[in-house]
Amino acid sequence: STLKLGMIPADGIGKEVIPCAQRVLEALGSAIPKPEFIPLLAGWEEFKKNGKALPEETIRVLKEECDGAMFGSVSSPSHKVQGYSSPIVALRKHLDLYANVRPVSSVSGIPGPKINMVIVRENTECLYIKKEEIHDSPQGKISFATRQISERASSRIGKMAFEIALRRAEERKVKNWEGWWEGPSKVTIVHKSNVLSVTDGLFRETVRKVKEMDERFKGVLMEEQLVDSMVYRMFREPEIFDVVVAPNLYGDIISDGAAALVGSLGLVPSINAGDDFVMGEPVHGSAPDIEGKGMANPIASIRSASLLLASMGYTTPAAKINTAVDSVLLQGKVLTPDLGGKSTTTEVTEEIIKRL
Ligand code: NAI
Ligand code: MG
């Protein structure tokens, strides 16, 4: 059998780091079914060339032919462009990839605080439904954005968060667990329902209910954190967090903050997960400031490939990738410039492959 994987490098450093993840998957040899990589188009470059940021063909192939996928990063412009809409946001919707799961952990060898948490970000709604409007008023322009929070989306992301907490409770029992939170597994609900009592209120209530209604989650602790103090506490005492569940925008922002704590955005992986499809994706964007220089850190993408494998049930080869990555970081000799090193994207990838 083969493993059919849709590969969507998209823009910027996505084009440099996704091939590295592909090389690592290839290097696993017989540890996984032979991977078959299907290159697929999407992105800002693609929009400029052919007028479509997310070609129908890409969606079709993903839905009909692929067992899973990897996405790089897209260079979405910061101003409105007629007809353009971010393909990653659209893909998450089309494939109903409702959860963005982002493990963030410190690594021995890289300076920084102790942190081992999983951010579970709702991936389909919140302000990212992009219902925006603008009007003229006597005082000048005035704009609005609609924020959608539904019971259904909050409930399934809540369930995902508690299930991850259960899995981590199991992992804790195994030796060499480098979690810093000492207590039983814990889910922190992030919201701002002191101000947004309707939308964030519904998110909070719904996630709370997920725990209360399900016997399995009895032993998992639950706490809440307003999003602003979440940032504060995460910077002061990141070791206290275990699983963190948040609406889309808060989850997006918290993850970049958490990435700074472990040394680089170039280290943090994610998967976009639905009930029947998973797409690995580094947390970072297209990094135009370092694009084309061969200095992008491939580790976020390589770790995303590992998460993708694990989610498909190939836990042993997935762990093998992580062990190889960790040993490169621990040794601290072959690192890209974001981590203070002098090595290139390719050199780091080859060093990881050597240790597989
Ligand atoms: P960014 O994540 O691309 O870069 C932020 C900073 O981190 C930059 O200094 C960059 O050089 C550094 N960085 C990111 N990834 C790195 C890596 N692998 N190795 C070394 N350094 C790395 O965020 P920015 O600059 O705000 O956005 C650039 C573009 O990316 C924008 O067009 C934005 O729309 C897009 N973007 C796309 C995302 C996606 O495809 N899911 C997510 C975030 C931003
Ligand atoms: Mg982001």
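Helices and strands are taken as DSSP runs, with at least four residues for a helix and at least two for a strand, and are numbered from the N terminus. On this basis Lys 320 is placed in helix α10. The structure described here is a predicted model. The protein chain has an average pLDDT of 96, and 100% of the residues score at least 70. For the complex, the predictor reports an ipTM of 0.97 together with a pTM of 0.95.

The domain assignment divides the protein chain into domain 1, formed by residues 1-100 and 268-356, and domain 2, formed by residues 113-261. The C-alpha centres of the two domains are separated by 24 Å. Ten residues of domain 1 and twelve residues of domain 2 take part in the contact. On the side of domain 1 that touches domain 2, two or more residues are contributed by each of α4 (87-94) and β4 (99-105). Helix α4 supplies the largest share of this side, with three residues. Sorted by class, the same side of domain 1 comprises six nonpolar, two polar and two charged residues.

Ligand 1 is surrounded by 22 residues, of which Ser 76, Gly 266, His 284, Gly 285 and Asn 297 are the closest. The shell consists of ten nonpolar, ten polar and two charged residues.

Helix α10 covers residues 315-331. Its 17 residues should span 24 Å at 1.5 Å a residue, and the distance of 24 Å between its end C-alpha atoms agrees with this. The buried residues of α10 are Ala 318, Lys 320, Ile 321, Ala 324, Val 325, Val 328 and Leu 329. Elements covering these buried residues include α1 (14-27), α9 (299-311) and α11. In an α-helix there are 3.6 residues a turn, so residues three or four places apart point the same way. Lys 320 counts as buried because 20 other C-beta atoms lie within 10 Å, and the cut-off for a buried residue is 20 or more. Apart from residues up to four places away in sequence, Lys 320 touches Ala 31 and Leu 356. Lys 320 and Arg 355 are 35 residues apart along the chain, and their C-alpha atoms are separated by 9.0 Å.

After α10 comes Gly 332, which has a positive phi near 70°. Leu 335 lies in the loop between α10 and α11 (345-354). This loop residue is buried, because Leu 335 has 24 C-beta neighbours inside 10 Å. When neighbours within four places in sequence are left aside, the contacts of Leu 335 are Gly 340, Gly 341, Ser 343 and Val 348. A C-alpha separation of 9.6 Å is found between Leu 335 and Glu 351, which are 16 residues apart along the chain.

Helix α6, residues 199-213, was examined in the same terms. For its 15 residues a span of 21 Å is expected at 1.5 Å a residue, and the end C-alpha atoms are 21 Å apart, in agreement. Thr 199, Asp 200, Phe 203, Arg 204, Thr 206, Val 207, Val 210 and Lys 211 are the buried residues of α6. These buried residues pack against helix α5 (151-172) and against the strands β7 (140-148), β8 (186-191), β9 (221-226) and β10 (243-246).

Strand β1 runs from residue 2 to residue 10. Lys 4 belongs to this strand and is partly exposed, because 17 other C-beta atoms lie within 10 Å. Not counting residues up to four places away in sequence, Lys 4 touches Glu 36, Ile 38, Glu 65, Cys 66 and Asp 67. Between Lys 4 and Ile 189, which are 185 residues apart in sequence, the C-alpha to C-alpha distance is 36 Å.

Most residues other than glycine have a negative phi. Ala 10, in strand β1, is not a glycine but has a positive phi of about 60°. With 26 other C-beta atoms within 10 Å, Ala 10 is buried. Cys 126 is likewise not a glycine and has a positive phi of about 70°. Cys 126 is located in strand β6, residues 126-137, and counts as buried because of its 22 C-beta neighbours inside 10 Å.

Notes:
Residues numbered from 1 in each chain as written. Chains lettered and ligands numbered in written order. Predicted model: local features only at pLDDT ≥ 70, side-chain atom pairs only at ≥ 80, totals over all residues. Near = placed C-beta within 6 Å. Nonpolar A, V, L, I, M, F, W, Y, C, P; charged D, E, K, R; others polar. pLDDT = per-residue confidence, 0-100. Expected span 1.5 Å × (residues − 1). Buried ≥ 20, exposed ≤ 12 C-beta atoms within 10 Å, placed from the backbone. Contact = placed C-beta atoms within 7 Å. Domains from an automatic or database assignment.
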